[in-house]
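Please take a moment to look through the sequence and the structure below before reading on. The paragraphs after it are meant to be read slowly, with the model in view.

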Amino acid sequence: MNLVEQIKAANAYGCLECGKCTAVCPVSLFSNSYSPRSMLTKTIRNEYDSLFVDYDLWSCLTCRRCDAVCPANIDYSRLNQIVRTSAKDSGFKGKCSHSGAMELLQKVMTTENINQNRMDWVTNDLDTAEEGEILYYVGCAPYFDIFFDDINISTTEAAKSSIKILNKLGVKPVVMKDERCCGHDLLWNGDVENFKMLAQKNIDAVNATGAKTILFSCAECMSSFANLYPDNGFKVNQKLMHMSQFIAEQIENEKLDLREPEINVTFQDPCRLGRHLGIYDEPRQVLQHNDGEHYHEMMQNNKRSLCCGVSAWMNCDITSKRIQKERLRQAKQTGADVLTVACPKCHIHLSCTMKDDFVKDNYEMDIKDISTVVLERMK
Amino acid sequence: MPTTESNFKNFIRKHKNTVSFSDKPNVFYPIGIVDPSPCMEACPAGVNVKAYVSLIAAGKFHEALHVVREKNPLPGICGRVCTHPCESYCNRNQIDAPVAIRALKRFVADYELKNPIPKPGKTAGKRTEKIAIIGSGPAGLTAAHDLAKSGFNVTIFEELSEPGGMLIAGIPSYRMPRDILDIEIGYIKNIGVKIITSKKISGKAAYNKLLKDFDAVYLAIGAHVGKKLGIPGEDEFKGFLDAVTFLRAVNLGTAKKPGENVIIIGGGNSAIDAARTALRLGSKVTIAYRRSRDEMPANDEEIEDAEKEGIKIHYLAAPNKIVGKNGTATGLECVKMKLGKPDESGRAKPIPIKDSEFIIDADVIIPAISQKPDLSFLPKNHEIDISKWQTLLADESTMATNIPGVFAGGDAVTGPNTVIDAIAQGHIAARSIEQFINGEDLTSTSDGSKSTEAEIKIDYNTQPKIKRAKIPMQNVTKRKGNFSEVEYGFDEKTAIAEAQRCLRCGPCDECFICVSECNKGLSVVHTSDGQNDYVLRLPSEFDDTILKNGKLEAVIKGQNGKDIPIEVDSYIPLVTASLCRGCGDCVTVCDYDAIQLIDMGDEVKISKIDPDLCRGCGTCVALCPSSVIQPGRFTSDWLDFKLQAIDLNKKSIVVFSCSWNGADFEQFSKIKVRDTNLIFIQTMCTGRIESSFILKALEKDTAGVLVVGCAADECHYEFGAKRFAETYAKVQQIAYMLGYDKNRLEYATVSGKNTEKFIEIVNDYARKIK
């Protein structure tokens, strides 16, 4: 498909110019210049020359907030991905945070024979297997922990908690030592070629373990397997579950029970888990289980949830920070002690803003992955 | 490629503060190009305002005063009474209010009084020529100062009993305390200027002797004769004196109350001075002015103060005639005016309203409408050209009169004008006199090159509003009956904060402190190509001077007789303000305090790099999580370009190094290892090397990456190497996790410039790699 056909496929020509997208867009809300509607207009007018060099081409968070309200059913997030791919193919690139270190890391993972040492976080108290029916897909958390040690967060904590939960339930999950990045970020910032290489390698590796179910703590990894791989022609045979779904199912089947909570919690819907995968209820069922009044919703929740401000390591700027601050303000407003996350990216981005010396006093609060919160309450 | 001087100039201009890269060795970098900021452009005397304001912001008060003195020998005086055109042109006007430049100048002048440093000694007398200056006002004092600095013997003749001209005779002491005047005049005396007071040059003999005894004469006699109103009753009644006479009498003689009800006529600074002086002597004071407040030429602050102190101002009231009884004035009849179309002065022309006459009671009437010079000292047959306004005629670009060797300036030429304009003319006259004595042609200053289009890029939208510091003032109720100074100076903290409001328009503050304080093996030079000034920073490896006779050479002669073309890049990184997250990471890494976070309100801060303090190591660039600090050199594009040299058919090794220790870049081409493709990439400091640099090299499938830098305690930037060690530790962990062979990455340190050791390290590493 050429670019125009792809744009057509994303329904872009159906635009009614109602502007609902711009009205709800979190980037537009906090940036002076960004408007999905005008970006779309430029796209359907074939103004690629100006579009490819536009900083704002890389500003969309692909959070699908606009897609959810669009009366013409336009897939704006996908449209962005299409134009970005075309821009990349023409030699343009966006502004990556950390000078593209993350992007490079993902590209390195496409290398045929790499022999990763990514299992150091699997301590002796965690029981894992090389083959089995249930596979836990770790994601890039071990690498994140090195990169972000200066903001003092551990994203492998979610993986550790998840495995402990599984072990308590008598499950010894498969953890792959040759797991690679799922390619999610590469696809969204327009690098389809490398994304496809990673997709193929991961599918092969997963199939080799004999897994029938794959569990995820990372909402982005899950959306790759559930949406992006099939969309790009890769067949995924396994049942896919986010940890929150798995835990909810266990509670439902009365295999797992939680103590009454002692602390107040709120929940940040990851865009990938919510608007991309439609999973809203399970994390809430888990957090509200056996609970009278310790669970609090933020002002914007479920389908209207606010993104964590950065996507695919692109355009981490003042607009991102404003979005993050607004989200943290909403979290604080609930009176909760812990902000529960279900995606390591939300964890990193919101923590980063929280650690900022200049806003610390107003926004600092505990932030934990849902698995960690559950583990602490497990009977 | 620049080959001639003018090409070179254009080349620098074009590349100013832009990112450009080349694989050619860096030869030198401009720190800044002297592009005048609007404040400096606006100052008639050309004081480098931005430089001294910046120095105040940095707490360097003595240095700041030094910058002022270069163009203004009367800083304490101008700090009090200058009409500050610089503030009117300040770019801060676009945001909130101008920087309080005048008060800042006063602050540094006061600071030196409290924290004295040795005054410069006598410079006069190094040359034999003698110069006479008539008048010791600002025009005379400035010329005397400049000429004495050049070594001439300068004598000032002053008619009044004390030196200062209008500064002492015209400006009341509540604005201009006499001790300040004494100190600043003392400074000029100190360098060898002779001032003879109570000496009026008058009559043919005295005038001719003057021309005979001195090599040049400068007439800076001011304008001390008050003009008459030209209305009925002026010569008929007593109780009538002009403002300059009144002020002179008060300022130099005994302070006597002029009368019960005093009327001042006029709207200039002299009118306000006369009014506030009369008020202090106990009179009830009214001002009559024929236009409205908007047209009033006096300073706004002055008018405000006068009104606060209780002076009533009748606007749109023109004097019609003096009324009186028994030979004494009893009042002034005024006619009400309305404003018509602008006249030739650009101000609205007042038109009388018929039958609107009214009388203001007064026993003393003081017109302050204008002044003219007192030319009575000239003999009858003098040949100096005089204007129809009874001012001396002089060429405004050289201050030369029609008589060779006789120069004139200040109010005597311009008519009543400001102190700073008189200073400006003093400078011009001094230069012309020196040229005249040297037998040179007089060069004109006004070559039309004063551009108001200085390339100044300020994004006003991203600049936070910061309140202008209020100048502390004496309580209004305490002002009657005494002449103590009404304005107080800033304290240190306020001065620094106010100076920090400066937007520092243009690329460099041109304070030249870098030149005078250059250390650590760098050579920083300030040079000029005749039209533009440059500050250049030369890397230490080029010790053969590229500057000859103070002029820029565009080409460096290479060893083999070939010319080395010059590459110029700015090394100061820029922050893209609209994207900065304000996380403060850069502030933390920079040990030079070169980065500050600016509060934009609404909890938003953005970082700003101070080009003076920045030394260009690039560590902040490497560590910015949002990648919004744009380096002047060593960009990622430049890295990509360098890495194109990777040859995968051979064993390729990327060697990163800093520009201080180890080997000079010229040596790189000579370092050879068999069957190995060596790619040398030199950054200013290893601190600039970010994790992505190394990952990129690894991602391109190089056999190895070697980083050679200074040992942490030898780092030229003190912290760059330390920061890199942290980065390296991270990359090492990542490389380990990715399963790379341990040897694919190595970090070594070298002590000092040691090419042999550097080559040894490279060789050892190459041997380890398969």
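What follows is a walk through one chain, then the contact between two chains, and then two pairs of packed helices.

Before anything else, it should be kept in mind that this is a predicted model. In chain A there are 20 helices and seven strands, and of the 379 residues of this chain, 54% count as buried. One can also ask how far apart in sequence the residues that touch one another are: among contacts in chain A between residues at least 6 apart in sequence, 80% join residues at least 24 apart.

We turn next to the place where chain A meets chain B. This contact draws on 30 residues from chain A and 29 residues from chain B. On the side of chain A that touches chain B, at least two residues each are supplied by helix H8 (101-108), helix H9 (141-147) and helix H17 (318-333) of chain A, and the largest share, five residues, comes from H8(A). Sorted by class, that side of chain A holds 14 nonpolar, eight polar and eight charged residues.

The remaining paragraphs concern helices packed within chain B. Two packed helices are described by the angle between their axes and the distance between the axes.

How do helix H3 (residues 49-57) and helix H4 (residues 61-71) of chain B fit this description, and at what angle do they cross? Their axes come within 8 Å and cross at roughly 170 degrees; because angles over 145 degrees count as roughly antiparallel, H3(B) is roughly antiparallel to H4(B). On the H3(B) side the contact is made by B:Ala51, B:Tyr52, B:Leu55 and B:Ile56, while H4(B) brings B:Phe61, B:Glu63, B:Ala64, B:Val67 and B:Val68. The residues of this contact of H3(B) with H4(B) comprise eight nonpolar and one charged, with no polar residue among them.

The second pair consists of helix H13 (residues 269-280) and helix H14 (residues 300-309) of chain B, whose axes lie 10 Å apart and which pack at an angle of about 25 degrees. Since angles under 35 degrees count as roughly parallel, H13(B) and H14(B) are therefore roughly parallel to each other, and their crossing is left-handed. Here B:Asn269, B:Ile272, B:Ala275, B:Arg276 and B:Leu279 of H13(B) meet B:Glu302, B:Ile303, B:Ala306 and B:Glu309 of H14(B). In terms of class, the contact of H13(B) with H14(B) has five nonpolar, one polar and three charged residues.

Conventions:
Residues numbered from 1 in each chain as written. Chains lettered and ligands numbered in written order. Predicted model: local features only at pLDDT ≥ 70, side-chain atom pairs only at ≥ 80, totals over all residues. Contact = placed C-beta atoms within 7 Å. Helix = DSSP H or I, 4+ residues; strand = E, 2+ residues; numbered from the N terminus. Nonpolar A, V, L, I, M, F, W, Y, C, P; charged D, E, K, R; others polar. Axes fitted to C-alpha atoms, helices over the stretch in contact; angles between N-to-C directions. Parallel < 35°, antiparallel > 145°, perpendicular 65-115°, else oblique. Buried ≥ 20, exposed ≤ 12 C-beta atoms within 10 Å, placed from the backbone. Left-handed = near helix turned anticlockwise from the far one by under 90°.
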